[in-house]
Amino acid sequence: MPRLLVPSRRPLLLTRRSALLGAAALTTSACDSARPREGFLGAMERVNQRLQGALFAEDRLAPELPPEEATPPGDFPQYFVSESMPLVPQGWALKVGGLVERPGMLSLEDLQRLPRTEYRIRHHCVEGWSAVASWHGVRVSDVARYVGADPRAGYVELRSFDSGYWSSWDRPSAFHAQTILAYGMNGQPLSPAHGAPLRLYSAVKLGYKMVKYLTEVNFLPEPTGGYWEERGYEWYAGV
Ligand SMILES: Nc1nc2c(c(=O)[nH]1)N[C@H]1C(S)=C(S)[C@@H](COP(=O)(O)O)O[C@H]1N2
Ligand SMILES: [Mo]
């Protein structure tokens, strides 16, 4: 069972996307889906990926929100599948691999030396809640350039130390200007509840695509699945 801590005062926003994507999810608890498993990238998923991918505008930025819109930090829901708070493994560093010229381990300091990007936007969980915070970190596209990711790597896979949580993304979404490996939230270092030491954050996908507690990023020629994606949730999951 996924954990959703701090359930108080969470805004139940039924957005168009959650109405479309979350119908099944909303009838069950949390991100647990009653939707029959279609298998990863089944026929419907492929059609969906093509349609949504074709509609995706690489240069379109999600509107940034003013500080007044921020959800009080304690009210921002904290959501992870582990039974207890996932704690940072000793000697943590991010493993970067796949089709890259310079595979290897990047420490938090290495990542923090790369250009910093920060924005305040609204988060949309498929379950129906949304919340606003500012996030800072390094763009996936900047990391890709740093390690020399091959243009044939059309997909990016992200893995976590939280009960094997993971996801994979199409390259245009992963390389969007508002998709970052975040090491901070609301001007502070990431808290354990929100994915310390490093998580994915983005303006262009639903919450479950933003892998927290990162351990590994792989630039791959093929899409792989994901934790919720293998449990019936949509793979593309654009907002
Ligand atoms: N490792 C990991 N990442 C995860 C999850 C998780 O359970 N484990 N939950 C996802 C879901 S469903 C959402 S909505 C967001 C929640 O992020 P938050 O806890 O910072 O609000 O994280 C996503 N990333
Ligand atoms: Mo979510």
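Helix H3 and the surroundings of ligand 1 are described here for a predicted model.

Helix H3 comprises 13 residues, numbered 43-55. A rise of 1.5 Å a residue predicts a span of 18 Å for this helix, and the end C-alpha atoms lie 19 Å apart, so the two values agree. Three residues named as buried in H3 are Glu 45, Gln 49 and Gln 52, where buried denotes under 20% relative accessible area. Viewed down the helix axis, the buried residues of H3 are confined to an arc of 80°; they therefore line one face of the helix. The face turned away from this buried side bears exposed residues, namely Ala 43, Met 44, Arg 50, Leu 51, Ala 54 and Leu 55. Strand S7, residues 155-160, is included in what covers the buried residues of H3.

Ligand 1 has 22 residues around it, of which Pro 77, Asp 162, His 194, Arg 199 and Lys 212 come nearest. His 194 also takes part in a polar contact: an N or O atom of its side chain is 2.6 Å from an oxygen atom of ligand 1. Nitrogen atoms of the ligand are involved in further contacts, with Ser 160 and with Met 210. In the case of Ser 160, a polar side-chain atom is placed 3.0 Å from a ligand nitrogen, whereas for Met 210 a polar backbone atom lies 2.8 Å from a nitrogen atom of ligand 1. On its own, ligand 1 has 520 Å² of accessible area, and the protein covers 100% of that area.

Definitions and conventions
Residues are numbered from 1 along each chain as its sequence is written. Chains are lettered from A and ligands numbered from 1 in the order in which they are written. This is a predicted model: local features need pLDDT of at least 70, side-chain atom pairs count only at pLDDT 80 or more; totals for chains, interfaces and linings use all residues. Side-chain values use heavy atoms; hydrogens and water are left out. Helices (H or I, at least four residues) and strands (E, at least two) are DSSP runs, numbered from the N terminus. The expected span of a helix is 1.5 Å times one less than its number of residues. Buried means under 20% relative accessible area, exposed over 50%, partly exposed in between (1.4 Å probe, protein chains only). The arc is that of the directions from the helix axis to the C-beta atoms. Contact means heavy atoms within 4.5 Å. A residue is near a molecule or strand if one of its heavy atoms lies within 4 Å of it. A polar contact is a pair of N or O atoms within 3.5 Å; within protein, one must be able to donate a hydrogen and the other to accept it, and residues adjacent in sequence count only if both atoms are side-chain atoms. Accessible areas come from the Shrake-Rupley method with a 1.4 Å probe; for residues, only the protein chains shown count as cover.
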